[in-house]
Amino acid sequence: MLKERRVSKVGQLRVPGPTPCPPEVLQAMACQMINHRGPEFDKILLDVTAKLKHLFQTKNDLYLLTCSGTGGLEAAIVNTLSPGDKVLCVTVGAFGDRFTRIVEVFGAEVIPVRAEWGKAADPDEIRRALQKAPGIKAVLVTHNETSTGVTNDLAAISAVVKEFDKLLLVDAISSLGSIDLPVDKWRCDVTVTASQKGWMVPPGMAMVSLSQEAWQAHARARMPRFNWDFALARKYLEIGQTPWTPAVSIVFALSAALDMMLKEGLSNIFARHARVGKAAREGVKSLGLSLFADEQYASNTVTAVSVKDGMDVKAMLKMLREEYQIVLAGGQQSLQGKIFRIGHLGLVTEDDIKEIISALREVLPKVGA
Ligand SMILES: *Cc1c(COP(=O)(O)O)cnc(C)c1O
């Protein structure tokens, strides 16, 4: 099975991460190891960091952490907060809840602002919460909630957070590099993404940017940290290294993927994801199915589809997988059996979506829809 997977495209992997990798990226992964404390790695690490800054639209510091996205979220928290800090946690789904849970585990006082799943966060509600609870240190928010297919209005949320001069920590794991997120313009203090999402790279690396305000918070933050300490990341990047052994092959892969992304250009990437997202939503509706997310905030990287009464979603996913080699995702937590999700971030075209919609058109009548 692994041998078959060495070719670049076997069917379609359309879960919202990991995403398919282009052949250039797979080839880069096959390179021989190099010394992560040697001159070759120094060069590639600095180059990858500079390219990432361009794609983050930031002049802030940026670090690669060897971990999945969740490690990056933990890093954002432990580097900027102290136990007992009041933190406003904006959550509209499973990933917002995870971000909230991490801050709770590390001893902060959570003040939640929740929206019904499928809806976006309301900036006015965030404003009211900030007015009501004095002494809040930071606001956590998910830019693109992968579990519900909702993209929050981060520009509006950031404007509110900055009215109150609070630190803004952003889970942009499934949006950065696919949906426009100008990190500096929107004043995101810590912004987290991960290699296996829109970056077209295998899992293994989180990429995190930090503003000057985040560094000031870092100086006061007392949450325990060792592996994720950004002070060490900064010290080592000055000599072209990471504090600990990084996932070297993932850095090779990122380098290849970033070259492809820069060649396509940021605005073209965003426009392609917008077209693909629209094609997914229109395709789904043409099948007589409805979108789970409030369409005004529907994500361009993942489409959540409501399951109709009597429709066997498990059988549908199995049939798509076995007969069409198309892998879609189910719902998470309370949405299990209620929705399914089409991931369309990274290496994806409108033709890929057409293929999925026509497969669904054939499969749906066979599974009770
Ligand atoms: C994928 C994802 C995560 C992180 O998941 P990992 O499995 O740790 O990489 C967090 N938040 C969002 C919004 C995601 O899409």
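Start by selecting leucine 88 and isoleucine 111: the two stand opposite each other, with isoleucine 111 sitting in strand E4. Keep in mind as you click around that this is a predicted model.

Now widen the selection to residues 86-91, which make up strand E3, and residues 109-114, which make up E4. The two strands pair in the parallel sense, over six bridges. Add helix H4, residues 94-105, and you have the full set: E3, H4 and E4 form a right-handed β-α-β unit.

Stay here and pick phenylalanine 106, in the loop between H4 and E4. Is phenylalanine 106 buried or exposed? Its relative accessibility is 18%, so it counts as buried, the cut-off being under 20%. Show its surroundings and, leaving out residues up to four places away in sequence, you'll find it touching Glu74, Val78, Pro83, Met223 and Pro224. For a distance check, draw a line from the C-alpha of phenylalanine 106 to that of glycine 84: they are 22 residues apart along the chain and 9.0 Å apart in space.

Next, colour helix H3, residues 69-78. How many of its 10 residues are buried? Eight are, so H3 is largely enclosed by the rest of the structure. The buried ones to highlight are Gly69, Gly71, Gly72, Leu73, Ala75, Ala76, Ile77 and Val78. Val78 is also one of the residues that phenylalanine 106 touches.

Hop over to helix H2, residues 39-56, and select threonine 49. With a relative accessibility of 5%, threonine 49 counts as buried. Ignore its neighbours within four places in sequence, and its contacts are Leu62 and Leu237.

Lysine 166 is worth a stop. Look for it in the loop between helix H6 (154-163) and strand E8 (167-171). This lysine is buried, yet it has no salt bridge. Where is the nearest side chain of opposite charge? That is aspartate 165, 8.1 Å away. Follow the lysine 166 side chain instead to the backbone oxygen of isoleucine 136, which it reaches at 3.0 Å. Beyond its neighbours within four places in sequence, lysine 166 is in contact with Leu130, Ile136, Lys137, Val139, Val161 and Asp189.

Then jump to strand E14, residues 339-343. Five of the five residues here are buried, so the strand is largely enclosed by the rest of the structure. In a regular strand, side chains alternate between the two faces of the sheet. To see both covered faces of E14, colour Ile339, Arg341 and Gly343 for one side, and Phe340 and Ile342 for the other.

What does E14 pair with? One partner is strand E11, residues 302-306, in the antiparallel sense over five bridges. Select threonine 303 and look across to isoleucine 342 in E14, which stands opposite. Strand E13, residues 329-330, is also joined to E14, by two bridges, and these run antiparallel. Here alanine 329 has arginine 341 as its bridge partner in E14.

Finish with leucine 317, in helix H11 (residues 313-324). Its relative accessible area is 16%, so leucine 317 is buried. Setting aside residues up to four places away in sequence, it touches Leu328, Ala329, Gly330 and Phe340. Two stops are linked by that list: Ala329 is the bridge partner of arginine 341, and Phe340 lies on one of the covered faces of E14. As a last check, run a line from the C-alpha of leucine 317 to that of glycine 69: 248 residues separate them along the chain, and 25 Å in space.

Conventions: Residues are numbered from 1 along each chain as its sequence is written. This is a predicted model: local features need pLDDT of at least 70, side-chain atom pairs count only at pLDDT 80 or more; totals for chains, interfaces and linings use all residues. Side-chain values use heavy atoms; hydrogens and water are left out. Two strands pair if DSSP finds at least two bridges between them. Helices (H or I, at least four residues) and strands (E, at least two) are DSSP runs, numbered from the N terminus. A crossover is right-handed if, with the strands pointing away from the viewer, the path from the first strand over the helix to the second runs clockwise. Buried means under 20% relative accessible area, exposed over 50%, partly exposed in between (1.4 Å probe, protein chains only). Lys and Arg count as positive and Asp and Glu as negative; His and the chain ends are not counted. A salt bridge is a side-chain nitrogen of Lys or Arg within 4 Å of a carboxyl oxygen of Asp or Glu. A polar contact is a pair of N or O atoms within 3.5 Å; within protein, one must be able to donate a hydrogen and the other to accept it, and residues adjacent in sequence count only if both atoms are side-chain atoms. Contact means heavy atoms within 4.5 Å.
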